[in-house]
Amino acid sequence: EAMADAPFEFRVKEDGTLEIVGSSFRADEPDGLRHAVPGEIGGRAVTSIGPGAFRHRHLLHVSLPESIREIGANPFAGNDLRGISVAPGNRHFKVDNGVLFSADGSRLVAYPARLHEGSGSAGKYRHYSVPSGVRRIEPQAFSDAVLLESIDLPGGLLEIGDEAFGNCQFLMRIEIPGSVRKPGINLFEGCTHPTSVTVRTE
């Protein structure tokens with residue numbers, strides 16, 4: 001059962017820690033555009049963020065505490081997110097070139113929808129190559145990444161989660177390696193431009 005401690009909605013997990021399942025803050029509130037996920041609420045550690053917990057909250061930047069160890073399908077989708085940061089002591093997640101990964105680099109968790117926007121050189125970031133070593137792209141990981149026009153995926157990638165590239169409106173080219181054994185459903189839901197999908201043989 002979900003409970004609330006403004007501006008968060010959360011549930012108590014079996015181990016007594018908390019999962020954030022929703023939020024009610026607005027961009028017009030102080031620090032609304034840049035939000036820090038709390039490490040604890042009411043004396044209980046916050047260890048999880050549920051799917052869609054921060055959807056459509058007009059966030060530009062979010063920072064994750066040391067305590068977070070589980071993140072559901074892109075909880076930041078629907079925002080004009082430009083950056084994600086992770087507390088140095090977090091042993092479960094890391095940020096590499098602005099993108100959120102599992103600490104071991106095997107899972108790509110979330111690509112900020114407007115990464116590099118406003119940097120003055122956003123044009124050179126129309127393409128993204130997923131690093132070698134990534135074995136799974138999480139559901140909705142690239143959701144709403146409207147600046148991207150092309151994506152390369154590495155050999156050795158095994159799984160792509162549902163709606164991984166949803167609402168990438170200007171995505172025109174993507175290369176998928178033959179190593180992928182579990183492609184999700186509705187991978188290109190909401191992509192309004194014709195998308196050329198190339199499947200490479202390994």
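Two rings of Phe, Tyr or Trp count as a pair if their centres lie within 6.5 Å. By that criterion, this predicted model holds seven aromatic pairs.

Select F8 and F54 to begin. Their ring centres are 6.4 Å apart and their planes stand at 85°, so the pair is edge-to-face. F8 belongs to strand β2 (residues 8-12), while F54 sits in the loop between β6 (44-49) and β7 (61-64), so this pair ties together parts 46 residues apart in sequence. Both rings may then be coloured by accessibility: F8 is buried, at 7% relative accessible area, and F54 also counts as buried, at 0%.

Next, select Y111, Y128, F142, F165 and F188, which ring pairs link into a cluster.

Keep F142 and F165 displayed and add L108, I137 and L153: of the 26 residues in the largest nonpolar core, these five touch the most other members. Strands β11 (99-102) and β17 (173-177) each supply at least two residues of this core. A second core, of 23 residues, lies apart from it; L18, A53, F76 and V86 are among its members.

Return to I137 and show its surroundings. Beyond its neighbours within four places in sequence, I137 is in contact with L108, V130, F142, L153, L157, E159, I160, G161, A164 and F165.

Finally, display the whole protein as a cartoon. The protein has 19 strands and zero helices. Of its 202 residues, 45% count as buried. Among contacts between residues at least 6 apart in sequence, 39% join residues at least 24 apart. With the surface switched on, the exposed area is about 9,700 Å², of which carbon and sulfur atoms supply 47%.

Key. Residues are numbered from 1 along each chain as its sequence is written. This is a predicted model: local features need pLDDT of at least 70, side-chain atom pairs count only at pLDDT 80 or more; totals for chains, interfaces and linings use all residues. Side-chain values use heavy atoms; hydrogens and water are left out. A nonpolar core is a set of buried Ala, Val, Leu, Ile, Met, Phe, Trp, Tyr and Cys residues joined through side-chain atoms within 4.5 Å. Buried means under 20% relative accessible area, exposed over 50%, partly exposed in between (1.4 Å probe, protein chains only). Helices (H or I, at least four residues) and strands (E, at least two) are DSSP runs, numbered from the N terminus. Contact means heavy atoms within 4.5 Å. Accessible areas come from the Shrake-Rupley method with a 1.4 Å probe; for residues, only the protein chains shown count as cover. Rings of Phe, Tyr and Trp (its six-membered ring) pair if their centres lie within 6.5 Å; planes under 30 degrees apart count as stacked, over 60 as edge-to-face and the rest as tilted.
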